[in-house]
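Biologist: I should like to examine this protein through questions that can be settled from its coordinates. Please show the sequence and the structure before we begin.

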Amino acid sequence: MVRRGVAGGLGAGWLLCGAILVVMLVGGSHGGLSDHEPKMENEGLNDARGIISRQIGDSGHVSTVLALVNGKWDKIDRGNFIAAVLRMATLHTAQSINKKLKADVIAFIERGFPLIEKFRPQQIADLLWACNSLQITPKRKIIAALEEQALLKMGDFKAQDLAVYLWSQASLRIQPSKALVEALFSEYMEKMDDMTAENLANTLWSIAILDLPRNTNLFGMIGDQSQLRMSEFTPMQLDNIIWALASTRNVPDKEFLEGFAGQVLAQSDKFQPQNIANIFWGMASLGIQPERTLQGGQAMVNALFEQAVFTMGSWAGQDVAVLGWALGQLRTYPTEELLHALCQQAQQTYRDMSAEHVANLVWMVGQLRLTVPRGFFDAMVKQAVKLYNHLHPRNIANMWWAFGQSKYKPSEDFITTMNKEIMMKIKEYDPGLIANIMSGMGASGVNPGDVFLSVLARHATSRHHEFSKNNARDVLAFYDTMKIRPHQELLAELGKRL
């Protein structure tokens, strides 16, 4: 998103950030949840079709809806069809349906294919919304027919219909055609004043999920409208906004960020664990240090820290790791209470963490030079050994580096397992990674053994010309610390780099 440069001089915009290294894209898409509640059309409620719609609304199970509408198919119109699909979608959220019943629902949707050409804009959006709620991806012919009707009737779409249609496509991972994207964007700009806070948040989420083209004018208008609606955003919507901005690498201007931080602060006691983790993840991914760059940044951080401590008992392992990574990336120091709670929860949830989560959480401790209980490291090491084949070279190097910062000596099981993994993939280790491993081992008092050192020495010697002065110093410092004589060729080549 770029700062508005069009005629009219609108104030708020977003600045496109061209080169941001997102080290850990784990905040990820968490649903872009929509609060859309479709309503049955009111017309003709006293005729036969109106009676059918009322009967659909009174049905208490998906199978009951299907039996009703299939039994009266000759009297079903587009309104009855949409009412039936929406009712089944609503019931599905509270009921589980088996494979056969789901197949029957799919068959019913396909049976309604001839009705699509008569759909109104809201019905086009509602059918896709219902399919997403039913966890059904429509067949291509249905998607194409809906798109054809959307293009024909685009001017009749209301703001809510536009937002629901695009959100449903994103949720179902349906990639719209270039023509549809252009038409949607144009109509969005026409209807921008009618967009609600939910519409705006879900639109940004949808654009990020589908990786749609960055339309400068549209993004600028979304930025303007978002500022006007800022006080209406819920924690989930704020979460979706920062996730979308980070995923599309769009840095908002300071005015927008100040308003954003103020609304996060106002809503902070309603934030769930994932919301908190993703706010920090988004800030870190965009390189925004709120407590240093925003007037209300420190207050926002403090409030989120307090809420994190209050809710920590319900945090999943991924959320713990995402928050940890973000704090390390931002160089934002947790309070003593938060650090204690994070360590305790990490020890409770480490079995659910991925290899990358473990490595990044350990890295955070080293990055911020934090003092943590040995039990925290022990838990991380145990999970790392279990998932060793999922650890990338940088993960392993970061863990060793962090252990060195904390003077923590990992278990023999970890040392042996990681040594084998490093030797097996030694060609993937560049001088910086080798230096981090060796400095960590040296600081932790770990002698990896002659076989490991021989393999490492041959590899390092073959790439000696790539070593920086600091890399060479760290490797040679290991040998000095551990009182081990390095291979003569390695000593000679790395000595030249000093």
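**Charges, helices and rings**

Biologist: Is R229 buried, partly exposed or exposed?
Modeller: R229 has a relative accessible area of 21% in this predicted model. The buried class ends under 20%, and the exposed class begins over 50%. Because 21% lies between those limits, R229 is partly exposed.

Biologist: With which residue does the side chain of R229 meet in a salt bridge?
Modeller: Side chains of opposite charge can pair when their charged atoms come close. For R229, the N to O distance of its salt bridge is 3.3 Å. The other residue of this salt bridge has a relative accessible area of 39% and is partly exposed. The residue is E232.

Biologist: How many salt bridges does a search of the whole structure find?
Modeller: The bridge between E232 and R229 satisfies the cut-off of 4 Å, because its N to O distance is 3.3 Å. D269 and K270 also meet in a salt bridge, at 3.9 Å. Over the whole structure, the number of salt bridges found is 12.

Biologist: In the salt bridge of K496 and E493, which residue is buried?
Modeller: The closest N and O atoms of K496 and E493 are 3.6 Å apart. K496 has 61% relative accessibility and therefore counts as exposed. The other residue has a relative accessible area of 15%, which places it under the 20% limit. The buried residue is E493.

Biologist: Does D269 count as buried or exposed?
Modeller: Its salt-bridge partner K270 has a relative accessible area of 48% and is partly exposed. The relative accessibility of D269 is 53%, and the exposed class begins over 50%. D269 therefore counts as exposed.

Biologist: How many residues of α9 are buried?
Modeller: Helix α9 comprises residues 197-210, and its end C-alpha atoms are 20 Å apart, in agreement with the span calculated at 1.5 Å a residue. This helix is mostly covered. D211 follows α9 and has a positive phi, near 55°. The number of buried residues in α9 is 14 of 14.

Biologist: What covers the buried residues of α21?
Modeller: Helix α21 runs over residues 412-424 and reaches 18 Å from its first C-alpha to its last, close to the expected value. Its buried residues are F414, I415, T417, M418, N419, E421 and I422. The elements that cover them include α19, α20, α22 and α23.

Biologist: Which residues do ring pairs link into a cluster?
Modeller: A search of the whole structure finds 15 aromatic pairs. One residue of the cluster, F414, is also among the buried residues of α21. The linked residues are F376, F377, W400, F403, Y408 and F414.

Biologist: What is the angle between the planes of W73 and F108?
Modeller: A pair of aromatic rings is described by the distance of the centres and the angle of the planes. W73 and F108 are both buried. Their rings lie 5.8 Å apart, centre to centre, and the arrangement is edge-to-face, with planes at 85°.

Biologist: How many residues apart are W73 and F108?
Modeller: W73 lies in the loop between α2 and α3, whereas F108 belongs to helix α4. Their pair links distant parts of the chain, and the separation is 35 residues.

Biologist: Over the ring of which residue does the charged end of K141 sit?
Modeller: The charged end of K141 is 4.8 Å from the centre of that ring. This distance meets the 6 Å limit for a charge over a ring. The ring belongs to F113.

Technical notes
Residues are numbered from 1 along each chain as its sequence is written. This is a predicted model: local features need pLDDT of at least 70, side-chain atom pairs count only at pLDDT 80 or more; totals for chains, interfaces and linings use all residues. Side-chain values use heavy atoms; hydrogens and water are left out. Buried means under 20% relative accessible area, exposed over 50%, partly exposed in between (1.4 Å probe, protein chains only). Helices (H or I, at least four residues) and strands (E, at least two) are DSSP runs, numbered from the N terminus. The expected span of a helix is 1.5 Å times one less than its number of residues. Contact means heavy atoms within 4.5 Å. Rings of Phe, Tyr and Trp (its six-membered ring) pair if their centres lie within 6.5 Å; planes under 30 degrees apart count as stacked, over 60 as edge-to-face and the rest as tilted. A charge sits over a ring if NZ of Lys or CZ of Arg is within 6 Å of the ring centre and within 35 degrees of the ring normal.
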